[in-house]
Amino acid sequence: MSFEHPNSKGQNIRDVERAIMARPAEHDSPNLDLDRMGMMLDLLGHPEHSFRVIHVTGTNGKGSTARMAEALVRAYGLRTGLYTSPHLERINERIAIDGKELSDEDFVDLYQQIEDFIAMVDDRFAQKGRAPMSFFEVLTAMAVWAFADAPVDVAIVEVGMGGRWDATNVLDGDASIIGPVDMDHMQWLGDTVEQIAGEKAGIIKPKSTVIVGAQPHEDAVMPIIEQAVREQGAPTLLRDGNELEVVSRMPAVGGQVATLRTPQGLYKDVPIDKFGEHQAHNALAALAAAETVIPINGALDQDLVAEALSQVRIPGRIEQVRTSPTIIIDGGHNLNAAQSLRAAIEENYDFKQLVGVISMMADKQVEDYLGILEPVLDSVVVTENSWKGRVMPAEDLERVAIRVFGTDRVVRRDRMPDAIQTAVDMVDSEDQTGVGYGRGVLICGSFVTAGDARTLLAERPNPDLAKPKAERA
């Protein structure tokens, strides 16, 4: 960051966020290519060459895998940069240095440092009749510049969508992770799993160690990934279930314990601070990537691995935010995510009653998503999240939910605060003990839904309570 006093324009974080998010979405651009990002990096002097890169794609598990890999690398004393998306509550969440997201002041300063370069790229492409930089391209350029400026030793970078034409693909991954590939974003990535796999395999580079997670459509996906590895001449391919293995796992308080095997060694009884079998496989991929970029020979230190993975916090991914009653938030929005969510609930909870609060985007496989969760939900409250341009209207979601759950199990509340309160009231009314045991609320369907819920349910200090009693209002 700059040390001459930054922010001479008097902008605050909201001003900068509005300026960035007002730009076109990357997938809405008529120019799906890396030309604008390439020019930006030319102007900045190619800062991406100053650090090693773990590049993460996949339909699900990208954010979890990226955060686990970052924690493992940082445990070895290396400086880390982490770039993830989407953000749940604050745009700053997307860029972190050494495990800490940028402050509002640093984020504003960072934007102002490259703002003139953004304008230069926009002007050059406007002259060609082409689109300006998208909001995701701007954020990616900011992340790269922040990582070089820190400077970091390793950047862990999550793909925004797809891979081949994603703005992050200007980076050459030392480790390229491809998580589970499934149907999602079909209007942009293709309407078959093979087409989607081809887009995600686009992150494979000639010097990459390619790490492939467990694939729900292995027979269709693996030949495409293997062909990309051959075409790029990538030296190493590590596959979950072959060169990599989750040897064993068992649920534990707050998460699970797993034994993981990589070509470098066996890691016994590693505590993982997240629920679900899929998180054990995410940890395995993260571990293989960390072995690639940490400059030591052989297996990593067992104690450091255990310490790192036992402390990873992943907001909005099967995240329990309250007790009495239990409230769980999950941002997954596709069928693979729904299956993982259901499996984690069935394995780790024994609910007598679970009420869903659901809001989804209109372009998702809504009925199939609800059908996967139907066996674990006693009833649902359908509502709308804050992304009014994409969210499915509550009345439309209600009609879909009735087809899945039946009229008696569906309640509609158009505002999310009302929906959450209704769901809590529903479980409280059935609670004879008054302690909420065995009763819960699951808020899910979209990362926007998860972010809205986290904001609404955040515990905030009451400054009045810090005053002496005589001074309280």
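**Exercise 1. Find how strands β1 and β6 run relative to each other, parallel or antiparallel, and how many bridges join them.**

Solution. Start with strand β1, residues 52–57, and then look for strand β6, residues 175–178. This is a predicted model. Following the two strands shows that they run parallel, with four bridges between them. For a concrete pair, take I54: its bridge partner in β6 is A175.

**Exercise 2. Place β1 and β6 in their sheet, and name its edge strands.**

Solution. Step one: write down the order of the eight strands, β4-β3-β2-β5-β1-β6-β7-β8. Here β1 stands between β5 and β6. Step two: check the pairing, which is mixed in this open sheet. Step three: look at the ends, where β4 (100–101) and β8 (236–239) each pair on one side only, making them the edge strands.

As a reminder, strands of a sheet pair through backbone hydrogen bonds, either parallel or antiparallel.

**Exercise 3. Now trace the sheet that holds β14, and find which helix packs on it.**

Solution. First, list its six strands: β12-β13-β17-β14-β15-β16, again an open sheet with mixed pairing. Its edges are β12 (319–322) and β16 (410–412), each paired on one side only. From one strand to the next, the twist averages 25 degrees.

Next, go to β14 (residues 353–358) and β17 (residues 439–444), which pair in the parallel sense over six bridges. Within this pair, L354 stands opposite G440 of β17.

Finally, add the helix: α14 (residues 416–429) packs on the sheet and touches β13 (326–330), β14, β15 (379–382), β16 and β17. The direction of α14 makes about 170 degrees with that of β14.

Technical notes:
Residues numbered from 1 in each chain as written. Predicted model: local features only at pLDDT ≥ 70, side-chain atom pairs only at ≥ 80, totals over all residues. Heavy atoms only, no water. Pairing = 2+ DSSP bridges. Axes fitted to C-alpha atoms, helices over the stretch in contact; angles between N-to-C directions. Contact = heavy atoms within 4.5 Å.
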